[in-house]
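Work through the exercises below with the coordinates open. Each one has a task sentence followed by a stepwise solution.

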Amino acid sequence: MTSQTKVRSDRRFRWMLAMSAPLVALLIIFMSIADAEAQRRNRQEDQEGSEEDRTMSAQMGEPILEAQECLNNDNFTCVINTLTPLLSQSPNNFERFVIHRMRGVAYFSSDRSQQAIQDFEAAINTGAATTDERVALRMNIGQLYIVNEQYSQGIAAMEQAIREGATLNANLAMMLAQAYGQAERYSEGIRYAQIAFDQASPRERRHYDLLLFFLQQLDRVPQQRDLIQEMVERWPGERNYWTSLVALMARTNDEQGAFEANKLMYLNGMLNEEREIIRIAQYYSYFEYPYRGAVILEREMNAGRVNRTRQNLETLANMWRQAREFDRAIPVLRQLAQQSNSGDDYLKLAEALYQENELADAETAFEQALQRGGFNRPGDAWALLGTVRYERGNRQDALQAFGRCSNMTESRRTCQGWTTFINGELAAEEQARLLRIRVTVEECRNTIREELVIITLTGDEDSFDEEGRAIVTIPERCQPYFNQYGDQTAGPGFVAEVEEDAEADAEGAEASEAG
């Protein structure tokens with residue numbers, strides 16, 4: 001799924017969670033508190049302790065009643081200040097249970113949800129709660145975690161409540177599915193979405209949307225298509241469901257089905273305006289099929305139903321790029337760059353040309369982009385220009401580009417790394433070249449020395465010049481370093497005559513001074 005799809009899905013789930021979780025949490029918290037005493041009276045068999053474990057001393061009872069009065073008057077600070085000192089007065093388990101639970105309500109009502117969670121958990125840990133009370137508290141804890149976006153903790157608390165006896169109805173399943181969705185635990189959460197969908201009566205759009213969300217996240221295309229088909233049949237006037245169905249048909253290569261769905265939309269008067277046609281193309285991109293969206297948009301532009309405005313051309317170019325059809329994006333990007341003359345448009349063109357390995361044109365476009373500027377992260381552009389130049393074999397020009405971005409925050413590490421690499425590469429090549437020369441000179445020296453010996457011993461008069469110097473046939477590989485007499489004229493170990501004379505003069509001067 002694309003990042004755009006995920007963002008939209010997250011927004012939709014944040015809205016559903018914001019609308020449902022806090023309200024349900026508030027209701028359940030206060031309903032559980034109101035019901036707890038009735039459960040204590042009517043469900044004695046569920047108590048974990050003895051009868052005396054549920055008793056309260058006068059020492060504790062009076063301040064707890066005062067705190068209850070404060071709670072009834074929405075004076076939550078009074079509740080907290082009244083109950084907190086009691087915890088240091090050695091209350092029994094039942095008294096601690098009542099104190100923590102009541103103070104937890106006060107904390108919750110004061111928007112101090114983390115303290116409320118701690119108190120509710122402490123109430124459970126007293127061991128004085130009945131099964132129903134414990135289940136209710138775990139539900140409250142789970143919902144508070146979810147409201148605080150601590151989804152995994154909320155899920156764990158609510159599933160523990162289910163194991164201890166909470167009824168998994170449609171509302172609870174819906175809440176758990178939303179939490180799993182927010183936690184991005186789609187494989188685990190889809191069963192709750194399915195339960196909420198199956199148990200809902202009546203089945204509303206939110207139940208469809210919830211299940212569809214999980215199917216999309218898990219990329220279960222056939223099930224998505226079946227669900228969308230049901231949604232289209234139930235709400236035939238909803239354009240969004242139709243466009244979603246078309247996108248799913250396209251993803252399953254059902255081109256005929258997509259054509260028929262589009263035709264039905266046209267026949268039902270849903271797609272008469274330019275913006276609606278553009279929206280269809282965008283939905284293809286949204287549902288991870290940008291190629292189809294780009295084909296539709298390009299075709300409609302050629303037919304004249306969509307104007308070739310800058311905004312529409314940008315949309316088309318972005319779709320081709322998203323689909324990695326850079327060869328088809330390049331003409332559109334070039335048109336945009338020529339129209340705007342902006343650095344950002346030339347940068348996008350350069351990147352597409354680079355992806356298509358059109359390196360010469362890419363280098364030119366990067367240079368034009370950097371000349372114009374006006375875009376964020378110029379260091380990245382310099383780095384790409386250096387990369388293009390390196391791939392074209394222009395290492396010195398590449399070093400110049402990498403040098404420009406070596407001190408820019410966004411590209412410092414990359415560019416310095418490239419600079420080090422290229423310099424190392426050049427140094428290694430130079431060392432290898434010098435080594436090859438040294439080996440060649442040494443081989444030539446040995447070969448020529450042997451040849452001189454042979455000429456000296458067996459050579460005829462043609463083997464010597466007028467001054468009696470032996471003339472050697474110098475192999476071609478040795479000619480840059482030795483003359484016809486076998487004297488070295490260049491390369492490792494060669495010392496020029498001027499240098500020899502200077503050395504001789506220096507030695508003579510030293511000798512004179514010594515004398």
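The exercises that follow concern a predicted model.

**Exercise 1. Overall composition**

Task: State how many helices and strands the protein has, and what share of its residues count as buried.

Solution:
- Step 1. The secondary structure consists of 23 helices and 0 strands.
- Step 2. The protein has 515 residues, and 42% of them count as buried.
- Step 3. The accessible surface is about 27,100 Å², with 46% of it belonging to carbon and sulfur atoms.
- Step 4. Among contacts with a separation of 6 or more, 53% come from residues 24 or more positions apart.

**Exercise 2. Disulfides**

Task: Find the disulfides in the structure and determine which pattern they follow along the chain.

Solution:
- Step 1. The structure holds 3 disulfides.
- Step 2. One is formed by cysteine 70 and cysteine 78, with the sulfur atoms 2.0 Å apart. Cysteine 70 has 12% relative accessibility and is therefore buried, the cut-off being under 20%.
- Step 3. Another joins cysteine 405 to cysteine 415, with an S to S distance of 1.8 Å. The angle about the S-S bond is -105°, and the link is left-handed. Cysteine 405 is in helix 21 (residues 395-405) and cysteine 415 is in helix 22 (residues 412-458), so the bond ties together parts 10 residues apart in sequence. Both cysteine 405 and cysteine 415 are buried.
- Step 4. Cysteine 444 and cysteine 478 are also joined, at an S to S distance of 1.9 Å. The torsion about their S-S bond is about -85°, so this disulfide is left-handed. The pair links distant parts of the chain, 34 residues apart: cysteine 444 belongs to helix 22, while cysteine 478 sits in the loop between helix 22 and helix 23 (497-514). Both cysteine 444 and cysteine 478 are buried.
- Step 5. With bonded cysteines counted along the chain, the pattern is 1-2, 3-4, 5-6.

**Exercise 3. Nonpolar cores**

Task: Identify the residues with the most contacts inside the largest nonpolar core, and the helix that gives the most to this core.

Solution:
- Step 1. As background, nonpolar side chains in soluble globular proteins tend to be buried together.
- Step 2. The largest nonpolar core contains 51 residues, and Phe214, Leu227 and Met231 have the most contacts inside it.
- Step 3. Helix 8 (residues 170-182) gives the most to this core, contributing 8 residues.
- Step 4. A second core, separate from the largest one, has 46 residues, including Leu297, Val306, Ala337 and Tyr390.

**Exercise 4. Backbone geometry in loops**

Task: Locate the cis peptide bond from serine 201 to proline 202 relative to the helices, then classify glutamate 184 and arginine 377 as buried, partly exposed or exposed.

Solution:
- Step 1. The peptide bond from serine 201 to proline 202 is cis, and its omega is near 0°.
- Step 2. Proline 202 is placed in the loop between helix 9 (186-199) and helix 10 (205-217).
- Step 3. Glutamate 184 is not a glycine, yet has a positive phi of about 60°. This residue lies in the loop between helix 8 and helix 9. Its relative accessibility is 42%, so glutamate 184 counts as partly exposed.
- Step 4. Arginine 377, also not a glycine, has a positive phi of about 55°. Its place is the loop between helix 19 (359-372) and helix 20 (378-391). At 46% relative accessibility, arginine 377 is therefore partly exposed.

Note on methods: Residues are numbered from 1 along each chain as its sequence is written. This is a predicted model: local features need pLDDT of at least 70, side-chain atom pairs count only at pLDDT 80 or more; totals for chains, interfaces and linings use all residues. Side-chain values use heavy atoms; hydrogens and water are left out. Helices (H or I, at least four residues) and strands (E, at least two) are DSSP runs, numbered from the N terminus. Buried means under 20% relative accessible area, exposed over 50%, partly exposed in between (1.4 Å probe, protein chains only). Contact means heavy atoms within 4.5 Å. Accessible areas come from the Shrake-Rupley method with a 1.4 Å probe; for residues, only the protein chains shown count as cover. A disulfide is a pair of cysteine sulfur atoms within 2.5 Å. A nonpolar core is a set of buried Ala, Val, Leu, Ile, Met, Phe, Trp, Tyr and Cys residues joined through side-chain atoms within 4.5 Å.
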